[in-house]
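This report describes selected features of a single protein chain, from a helix and its surroundings to paired strands and the surface.

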Amino acid sequence: MEEGASNQAKEPIDSDVAMEDEGDECAVIEDFEAPIVLDESSKEDSTNLENPYYLAGGVVEPSLEMEFASEEDAKNFYNAYAKQTGFSIRVNSYYRSKKDNSIISREFCCSKEGFRRVRSEKKADSGEERKRRRNRAITREGCQALMTVRKRENGKWYVAKLEKNHNHELVTPGMRHFLRSHKQEYNPKKSSTNSISVIGTSNSIHVFNDEYDNSAKIMFAPQNHVNYIGRGRLSMFGIDAQSLLGFFKTMQANDPAFYYAIHVDEEDRLSSVFWVDTRSRIAYNCFSDVVAFDTTYQVNQYRMPFAPFTGVNHHKQSVLFGCALLADETESTFVWLFTTWLEAMSGRQPSLIITDYDSAISKAVERVLPESGHRYCKWHILSKMSKEMGNAYSALPKTFQVEFDKCANKTGTPEEFESLWESLLDKYNLRGNEWLQSLYIDRKLWVPIYVRNTFFAGMYTTQRSGSVNSLFDGYVNARTTLQDFADQYKKALNDRSEKEAKDEFETFYTRPILKTPLPIEKQASEIYTRKIFTIFQDEIFESLVFSVKFSRNDGSSSTYEVARFDQEHKVYFVASNISEQRANCSCLMFQFEGILCRHILAVFKATNTFVLPPHYVLKRWTRNAKDEAMLDALNLSEAQGNAQRGKNSQYNILYQEAIKCVEEGVASDHSFRVALSALREARIKILDEKKNAINSLKLDHS
C-alpha cells in the first residue's frame with residue numbers, strides 16, 4: 001500500500017491538518033500489533049518535559065509537545081504509559097515525506113481502535129472452512145485513544161496529537177500481562193500471590209494470629225518436630241514434618257492471618273493437619289453452593305490421604321476451599337476435619353457436598369453437616385468397582401462393563417434403570433454381591449437419572465480430568481514427598497490463579513461473536529462469563545433446529561412437545577407458564593447445571609419470549625458473581641451479629657474491598673492520592689465511631 005516518493009519533492013509538512021489535506025498518497029496504515037520490547041538503554045534522557053505528571057511506577061503521563069529523541073523512544077514511552085494505565089497499543093499509521101520518503105509522522109493507538117473488518121460475500125469462507133476456523137473474540141470497539149508524534153527539522157520527535165479517553169474498561173494491574181503489547185515483559189516466575197486468610201477456633205491445637213498480629217500461638221522447636229504420624233507411618237514423617245511446618249511458617253510470613261490446625265492422637269503425636277487461606281475463604285463466600293471433598297490423592301511413601309475441599313467458580317474452573325493431610329480415614333478423623341473446616345468457613349454449610357462413596361465419610365457428613373445435601377462422586381464409584389467386587393469382577397466378561405454403563409448412565413427414567421439393574425444382576429448372577437446391593441440402596445445419591453434435579457454446578461462426570469478431583473492432577477501423587485508437596489501445592493494454586501485471571505480478562509476485555517440476531521443471545525453475552533456464555537450460546541443455536549408442538553393446557557401452564565426436526569421420536573416435554581415466564585423441562589438441565597436448555601429456549605422463542613427472565617440467571621455464573629456474593633456474605637455476617645464466625649466473615653469482606661481500593665489506586669498518582677485519602681478518612685471515621693461507642697458506654701454506667 002505504501003506509495004513511492006513523488007518526483008516533485010515538497011517541504012516536510014508541519015501540521016496534522018495540513019497533512020490530512022494533502023490526501024492519502026503519503027499515508028500508510030500499518031495496523032501493526034505485536035509484543036513491544038522496551039529498550040532499557042533508551043529510557044534515560046529520551047523525553048524533554050516541564051512539570052511532568054507522573055503515574056504510579058514512575059511513568060510520565062503524555063502531553064502535547066512532549067519531545068523524544070527518536071520514534072522508537074516515543075513508541076516505548078507510549079507502551080510503558082499504556083501498561084501502567086491498563087491498555088494495549090498498536091502502531092497504526094504513518095506519513096512519509098514526499099521529499100526524501102522518510103517517515104515524518106507516526107500514530108500509536110489503543111489496540112481497541114477501529115472495528116473488525118467484515119468479510120465480503122465474494123471472499124467469505126465456505127461453511128466447512130468457517131467450522132474449521134476458530135471464532136476469535138472481538139477486541140476492537142472503536143476506541144479513539146491515540147498519540148501521534150511528528151518529526152521536527154532537528155531530528156527530534158514531539159507529540160502533535162493526543163487523545164487520552166477510552167470508550168472501554170481499562171485492565172486492572174493483575175491482568176496487564178495478558179495485553180498483547182506487554183506479554184514479553186511478563187515473567188510468571190516473578191509473580192506471587194498475596195492471600196491473607198482468616199481465623200477460626202477449635203478444640204484442637206491451632207496456630208494462628210491473635211487479633212491478626214504476627215505472633216503464633218504455638219511455636220515448634222526443632223527437637224519437637226519428631227512428633228511422628230502414627231499408625232505405621234513413624235519412620236520418615238519426622239523428617240518430612242519439618243518441611244511441612246516450615247511450609248506453614250513460610251505461608252504465614254507472607255500471609256499474616258494464614259491459619260492451620262493440627263490434630264494429635266492419644267499419645268500427643270502429630271496426626272493430621274488442616275490449612276486454609278483467605279483466597280480460599282473468599283472463594284467459598286462466592287461459590288459455597290457446591291463443595292467436593294476428595295480423599296483419592298495420596299502423598300509420600302506412606303500413601304497419606306491428601307484431602308482437598310474444592311468447588312467451581314463462575315468460569316467453571318476448580319477452586320480450593322481448604323486442604324488436609326490425614327493420618328487415617330476413620331469417622332473420628334473426618335468429624336475433626338469437617339468441624340475444623342466448617343469453623344474456618346464461619347459456620348456456613350454448603351448447599352451440597354459431593355464425597356467419595358465411603359461409610360465413614362457419610363457418617364461424618366451426617367453429624368457435622370446436617371443442613372447440606374449429600375451426593376456421591378460417580379467417578380469414584382466406577383473407579384473402585386474392580387477393587388470392591390474383587391474376584392467376582394475379574395470373572396466377569398467385558399460385556400458387563402458396557403451393560404453397567406448403559407444402566408447407570410444412559411437410562412432415561414427411574415423405571416428403565418430399575419428394570420435394567422434387575423436384569424443385570426440376574427444375567428451375571430450378582431444378586432449376592434454386597435457392594436452392588438449397597439450401591440442400589442444408595443442409588444438416589446449417585447445415579448444420574450435420580451440426581452439430575454440436584455444442582456451440581458457441572459461437578460458431575462465419569463472422567464476424572466473433568467471432575468471434582470482434577471484440581472491437583474499432575475501436581476500431587478503417591479510419589480510426592482512432603483518435602484516436594486509444598487512446592488507442588490503452591491504451583492497448582494498459582495497456575496489455577498493465572499487461568500482464572502486469563503478467563504477474567506477474556507470476559508471483561510473482549511466480546512464474543514454472536515451466532516444469531518436473537519436479543520436473548522446478546523443479553524446473555526453481557527451477563528455471563530465467557531465460559532458460561534459459550535455453553536448458553538450453544539443451547540440457543542441448537543434450539544433453532546427444534547420443533548415446538550402444543551400438547552395440552554393444565555390451567556395456568558401449558559405443556560409442549562419439543563423434538564429435533566431429524567429426531568422426532570426423541571421428545572422432551574416443557575411445561576410453561578407464559579405470564580410468569582417460567583418453564584420446566586423433562587431434561588432437567590437448569591436444575592442440574594443452572595443454565596437454560598435448548599428445549600425451553602425453543603419454547604420461549606415460539607411464545608415470543610426474547611429476553612432471559614431474571615429468575616433464570618444464576619448469580620454464580622455471571623461476570624460479577626464475586627461482587628454479588630460479597631453482598632450476600634455481608635448480609636449473612638450482619639445476621640450473625642458478634643459471633644466469631646460473623647467476625648471472620650466481616651474480616652474477609654473488608655479485606656476484599658480493601659484489595660479493590662489498592663488495585664484501582666495504583667493506576668496513577670492521582671488515583672493513588674484519592675485512594676490513600678479515602679482509606680485514611682475511612683480509618684478516622686471508624687476510630688471516631690469506636691470512641692463514641694466507648695463514651696456512650698461510660699455514660700450509661702455512670
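In this predicted model, helix H7 spans residues 359-368, and its buried residues are Ala 360, Ile 361, Ser 362, Ala 364, Val 365 and Val 368. An α-helix has 3.6 residues a turn, so residues three or four places apart point the same way. The buried residues of H7 pack against helix H6 (331-344) and against three strands, namely S11 (290-293), S15 (352-355) and S16 (373-376). The N-terminal end of H7 is capped by Asp 358, a side-chain oxygen of which lies 2.9 Å from the backbone nitrogen of Ala 360.

**Overall composition**

The protein contains 22 helices and 20 strands. Of its 702 residues, 47% are buried. Among contacts with a separation of 6 or more, 64% are between residues 24 or more positions apart. The exposed area of the protein is about 35,900 Å², of which carbon and sulfur atoms supply 49%.

**Strands S13 and S14**

Strand S11, against which buried residues of H7 pack, also pairs with S13 in the antiparallel sense, over 2 bridges. Within this pairing, Phe 293 stands opposite Phe 309 in S13.

How many of the residues of S13 are buried? The count is 9 of the 9 residues, so S13 is largely enclosed by the rest of the structure. The cover extends to both faces: Met 304, Phe 306, Pro 308, Thr 310 and Val 312 are buried on one side, and Pro 305, Ala 307, Phe 309 and Gly 311 are buried on the other.

Strand S14 (residues 318-325) is likewise largely enclosed by the rest of the structure, because 8 of its 8 residues are buried. S13 (residues 304-312) and S14 pair in the antiparallel sense over 6 bridges. Thr 310 stands opposite Leu 320 in S14, and Ala 307 has Ala 324 of S14 as its bridge partner. The hairpin of S13 and S14 has 5 residues between the strands, and Lys 316 in this hairpin takes a positive phi near 60°. S14 is also joined to strand S10 (residues 270-276) by 3 bridges, and these two strands run antiparallel. In that pairing, Cys 323 of S14 is the bridge partner of Trp 275.

The antiparallel pairings described above are collected here.

| Strands | Bridges | Residue pair |
|---|---|---|
| S10 and S14 | 3 bridges | Trp 275 and Cys 323 |
| S13 and S14 | 6 bridges | Thr 310 and Leu 320 |
| S11 and S13 | 2 bridges | Phe 293 and Phe 309 |

**Surface features**

Phe 541, Leu 544, Val 545 and Phe 565 form a nonpolar patch on the surface, with about 340 Å² of accessible area together. One of these residues, Leu 544, is found in the loop between helix H17 (530-543) and strand S17 (546-554). Leu 544 counts as partly exposed because its relative accessibility is 36%, a value in between the limits of 20% and 50%.

Is Asp 566 buried or exposed? Asp 566 has a relative accessible area of 54% and is therefore exposed, the cut-off being over 50%. Asp 566 lies in the loop between strand S18 (557-564) and strand S19 (567-577). The side chain of Asp 566 is joined to that of Arg 564 by a polar contact of 2.8 Å. Asp 566 and Phe 546 are separated by 20 residues in sequence, and their C-alpha atoms are 8.8 Å apart in space.

Methods: Residues are numbered from 1 along each chain as its sequence is written. This is a predicted model: local features need pLDDT of at least 70, side-chain atom pairs count only at pLDDT 80 or more; totals for chains, interfaces and linings use all residues. Side-chain values use heavy atoms; hydrogens and water are left out. Buried means under 20% relative accessible area, exposed over 50%, partly exposed in between (1.4 Å probe, protein chains only). Helices (H or I, at least four residues) and strands (E, at least two) are DSSP runs, numbered from the N terminus. Contact means heavy atoms within 4.5 Å. A polar contact is a pair of N or O atoms within 3.5 Å; within protein, one must be able to donate a hydrogen and the other to accept it, and residues adjacent in sequence count only if both atoms are side-chain atoms. Patches are made of residues with over 30% relative accessible area and no salt bridge: like charges are joined within 9 Å, nonpolar side chains (Val, Leu, Ile, Met, Phe, Trp, Tyr) within 5 Å. Accessible areas come from the Shrake-Rupley method with a 1.4 Å probe; for residues, only the protein chains shown count as cover. A salt bridge is a side-chain nitrogen of Lys or Arg within 4 Å of a carboxyl oxygen of Asp or Glu. Two strands pair if DSSP finds at least two bridges between them.
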